[in-house]
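Here's a friendly walk through one protein model for anyone meeting it for the first time. Have a look at it before reading on.

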Amino acid sequence: MLQKASDKFRVFIKKRVNFGVCRSQTSMSRQSSKVEAIYELCKKTFTPSGSPPPSAEAVSKISSLLDAIHPADVGLKEENPDDDRGLGFFRDNLNRVSRWTQPITYLNLYEGDSFTMCIFCFPTSSVIPLHDHPGMTVFSKVLYGSLHVRAYDWVEPSQESKGSNYFPVRLAKLAVDKVVTAPCGTSVLYPKSGGNLHSFTAVTPCAVLDILTPPYREDLGRKCTYYRDYPYTAFSTEIKVEEEKEEEYAWLGETEPNIYMREGNYTGPTIQI
């Protein structure tokens, strides 16, 4: 059975489990651990309720520590972009179809009441669909490879409409639409800005270290909801934006996600709780 994983993906890991190993280096000692330093700062900074939210100073300090993280610091070996679908030496033993259907690997570093630390290892072309982070602040650091990030924020006050099949959609404004390539700085999204609803698509084999605060918890209103985005012009509405800015807006409707993911073994420095 799988070990406990983030609420964000636990249901999909259970439904679509495919055991395997995310390639990593041998376990490292805690000595001079950058991961331990990040954990300690997060523990001092974050609260279970997310209130008050982390200050600009705290965000800057945590981002600075994350900026200095490299794959080897978390027990990972950077995938060669020339390897077929990021599978390394396994590629010769897989047929063509199998190479195109490899899962994202989830590595759980720490999960507590105030924050979660985790890593996602993406094969090329794999996707985490558009989803939200209600009332949450999220730090994301691309450790290696290239990742396309598309992110929205809700238009406030809330602007809603209904599609042809009478399903509700809500207007959102595009906040991020770019490819992020390591080495790079840390990105931060906030409860109402910075692209709180985002999707990830792997351009090459890549890995992302995430810190979510507070973590998903459905009984406290922090449920992960997935969305499909529709062009602004897809629905007739009395809500008008300038024609030249229509591409900056989209209607988002809730959907059932399709995530192919399995849990791997984190072999980086141990975090002493």
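What follows is a short tour of a sheet, its helices, some aromatic rings and a buried strand. Keep in mind that this is a predicted model.

**The sheet and its helices**

Let's start with the open sheet, which is built from six strands with mixed pairing. Reading across, the order is β8-β4-β10-β2-β1-β13. What happens at the edges? β8 (187–189) and β13 (261–263) stand there, and each has a single partner strand, so one side of each has no neighbour in the sheet. On average, neighbouring strands in this sheet are turned by 25° against each other, if you ignore direction.

Zoom in on β4 (residues 137–144) and β10 (residues 206–213): these two run antiparallel and are joined by seven bridges. One spot to look for is Y144, which stands opposite A207 in β10.

Two helices are worth finding here. Helix α3 (residues 56–67) packs on the sheet, where it touches β4, β8 and β10. The direction of α3 makes about 15° with that of β4. Helix α2 (residues 34–45) lies across β1 (104–111), β2 (116–122) and β10, and runs at about 135° to β2.

**Aromatic rings**

Now for the rings. The model has a count of 13 aromatic pairs, and two of them are set out below.

| Pair | Geometry | Centre to centre | Angle between planes |
|---|---|---|---|
| Y39 and F115 | tilted | 5.9 Å | 50° |
| F46 and F139 | tilted | 6.2 Å | 40° |

Y39 and F115 link distant parts of the chain: Y39 is in helix α2, F115 is in the loop between β1 and β2, and they are 76 residues apart. Both Y39 and F115 are buried.

F46 and F139 also link distant parts of the chain, with their positions 93 residues apart. F46 belongs to the loop between α2 and α3, while F139 is in strand β4. Are these two buried or exposed? F46 has a relative accessible area of 7%, which means that it counts as buried. F139 is buried too, with a value of 0%.

These four rings belong together with one more: Y39, F46, Y110, F115 and F139 form one aromatic cluster.

Some rings have a charged side chain for company. R170 lies over the face of W154, 4.3 Å from the ring centre. K173 lies over the face of Y249, at 5.7 Å from the ring centre.

**Around β9 and N196**

Last stop: strand β9 (197–202). Five of its six residues are buried, so β9 is largely enclosed by the rest of the structure. Which strands pair with β9? Strand β3 (residues 127–131) does so in the antiparallel sense over three bridges, with V127 having T201 as its bridge partner in β9. Strand β5 (residues 146–154) also pairs with β9 in the antiparallel sense, over six bridges, and here R150 stands opposite S199.

In the loop between β8 and β9 you'll find N196. N196 has 5% relative accessibility, so it counts as buried. A polar atom of the N196 side chain lies 2.9 Å from the backbone oxygen of Y190. Leaving aside neighbours within four places in sequence, N196 is in contact with several residues, including H131, D132, H133, Y152, D153 and L189.

Note on methods. Residues numbered from 1 in each chain as written. Predicted model: local features only at pLDDT ≥ 70, side-chain atom pairs only at ≥ 80, totals over all residues. Heavy atoms only, no water. Pairing = 2+ DSSP bridges. Helix = DSSP H or I, 4+ residues; strand = E, 2+ residues; numbered from the N terminus. Axes fitted to C-alpha atoms, helices over the stretch in contact; angles between N-to-C directions. Contact = heavy atoms within 4.5 Å. Phe/Tyr/Trp six-rings, centres within 6.5 Å; stacked < 30°, edge-to-face > 60°. Buried < 20%, exposed > 50% of the residue type's maximum accessible area, 1.4 Å probe, protein only. Lys NZ or Arg CZ within 6 Å of the ring centre and 35° of its normal. Polar contact = N/O pair within 3.5 Å; in protein donor to acceptor, adjacent residues only side chain to side chain.
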